[in-house]
Each structure stands twice: as structure tokens, then as C-alpha cells.
Amino acid sequence: MSKKRFVETYSQGVTNCHRIIVDTETGVNYLIVSEGSMSSRGVTVLVDQDGKPLITPMKPKE
């Protein structure tokens, strides 16, 4: 079975939910926000203080 492309690294809340997912190929971190009954959602790249994407170091592919 192939490795998942996106993995969840953080989750907070049930109705109003904030999750951070990481792209396992690039290491880029994304924030997903869901409000209410999941009818409102938003996705954005997390950035550092210089405006560059936050990157999680990934193990090299074997």
C-alpha cells in the first residue's frame, strides 16, 4: 500500500475545528478551519515570520 500524501499533525475542536495537515512529499504545512456543521471551510498554507511556507522535514524516500 502506498504512503498517504497528507497526514494530520494537529486537531482541535469538534464543531469549530482547526487542523494542521502536512504534505508528505513537500513537507508544506496547511491549516484547515471548519466552522459550525462543516458548511464553512478554509484552507491556507502556514507561513513563517518571513512569509515563507512552514516546512516539516520529511524522511528521504528509500
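Four strands, zero helices: that is the protein chain. Keep in mind that this is a predicted model. From the N terminus on, the order reads β-β-β-β. How spread out is the chain, set against a compact globule? The radius of gyration is 13 Å, and the globule rule gives 11 Å for 62 residues. The value is well over the rule, so the chain is more spread out than a compact globule. Along the principal axes, the C-alpha trace spans about 40 × 35 × 15 Å.

Next, the surface. The accessible surface comes to about 5000 Å². Carbon and sulfur atoms hold 55% of that. Of the 62 residues, 18% are buried. And the contacts? Take those with a separation of 6 or more. Residues 24 or more positions apart account for 19% of them.

Now the first hairpin. Strands β1 and β2 pair in the antiparallel sense. How many bridges do they share? Six. One of the partnerships is Gln-12 with His-18, the latter in β2. Four residues sit between the two strands of this hairpin. Look at Gly-13 there. Gly-13 takes a positive phi near 90 degrees.

Stay with β2 for a moment. The strand covers residues 17–23, and Ile-20 is found in it. What does Ile-20 touch, once neighbours within four places in sequence are set aside? The list has Val-7, Glu-8, Thr-9 and Tyr-10. It goes on with Asn-29, Tyr-30 and Leu-31, and Leu-46 completes it. Pick out Leu-31. Ile-20 and Leu-31 are 11 residues apart in sequence. In space, their C-alpha atoms are 4.7 Å apart.

On to charges. Side chains of opposite charge can pair when their charged atoms come close. How many salt bridges are there here? The count is three.

Start with Arg-5 and Asp-23. Their side chains meet at 2.7 Å, N to O. Arg-5 lies in the segment before β1 and Asp-23 in strand β2, so this pair ties together parts that are 18 residues apart in sequence. Which of the two partners is buried, and which is partly exposed? Asp-23 has 2% relative accessibility, so Asp-23 counts as buried. Arg-5 has a relative accessible area of 37%, so Arg-5 is partly exposed.

Arg-5 has another salt bridge, to Glu-25, at 3.7 Å, N to O. This pair also links distant parts of the chain. Glu-25 is in the loop between β2 and β3, and Arg-5 is in the segment before β1, 20 residues apart.

Then there is Glu-8 with Arg-19, at 3.1 Å, N to O. Here the link runs from strand β1, with Glu-8, to strand β2, with Arg-19. The two residues are 11 apart. Glu-8 is partly exposed, at 44% relative accessibility. Arg-19 is partly exposed too, at 29%. Back to shared partners: Arg-5, Asp-23 and Glu-25 are joined into one network by their salt bridges.

Now the rings. A pair of aromatic rings is described by the distance of the centres and the angle of the planes. A search of the whole structure finds one aromatic pair. Phe-6 and Tyr-30 form it. The centres are 6.4 Å apart, with 70 degrees between the planes. Is that stacked or edge-to-face? Planes over 60 degrees apart count as edge-to-face, so this pair is edge-to-face.

Where do the two rings sit in the fold? Phe-6 lies in strand β1, residues 6–12. Tyr-30 lies in strand β3, residues 29–35. So the pair ties together parts that are 24 residues apart in sequence. How much of each residue is accessible? Phe-6 is partly exposed, at 43% relative accessibility. Tyr-30 is partly exposed as well, with a relative accessible area of 22%.

Last stop: Ser-34, also in strand β3. Buried or exposed? The relative accessibility is 6%, so Ser-34 counts as buried. Which residues does Ser-34 touch, not counting those up to four places away in sequence? They are Thr-15, Asn-16 and Cys-17, plus Ser-40 and Arg-41.

To recap: four strands with zero helices, three salt bridges and one aromatic pair.

How values were computed:
Residues numbered from 1 in each chain as written. Predicted model: local features only at pLDDT ≥ 70, side-chain atom pairs only at ≥ 80, totals over all residues. Heavy atoms only, no water. Phe/Tyr/Trp six-rings, centres within 6.5 Å; stacked < 30°, edge-to-face > 60°. Buried < 20%, exposed > 50% of the residue type's maximum accessible area, 1.4 Å probe, protein only. Contact = heavy atoms within 4.5 Å. Pairing = 2+ DSSP bridges. Salt bridge = Lys/Arg side-chain N within 4 Å of Asp/Glu carboxyl O. Rg over C-alpha atoms; globule rule 2.2 N^0.38 Å. Areas by Shrake-Rupley, 256 points an atom, 1.4 Å probe, with all protein chains shown as cover.
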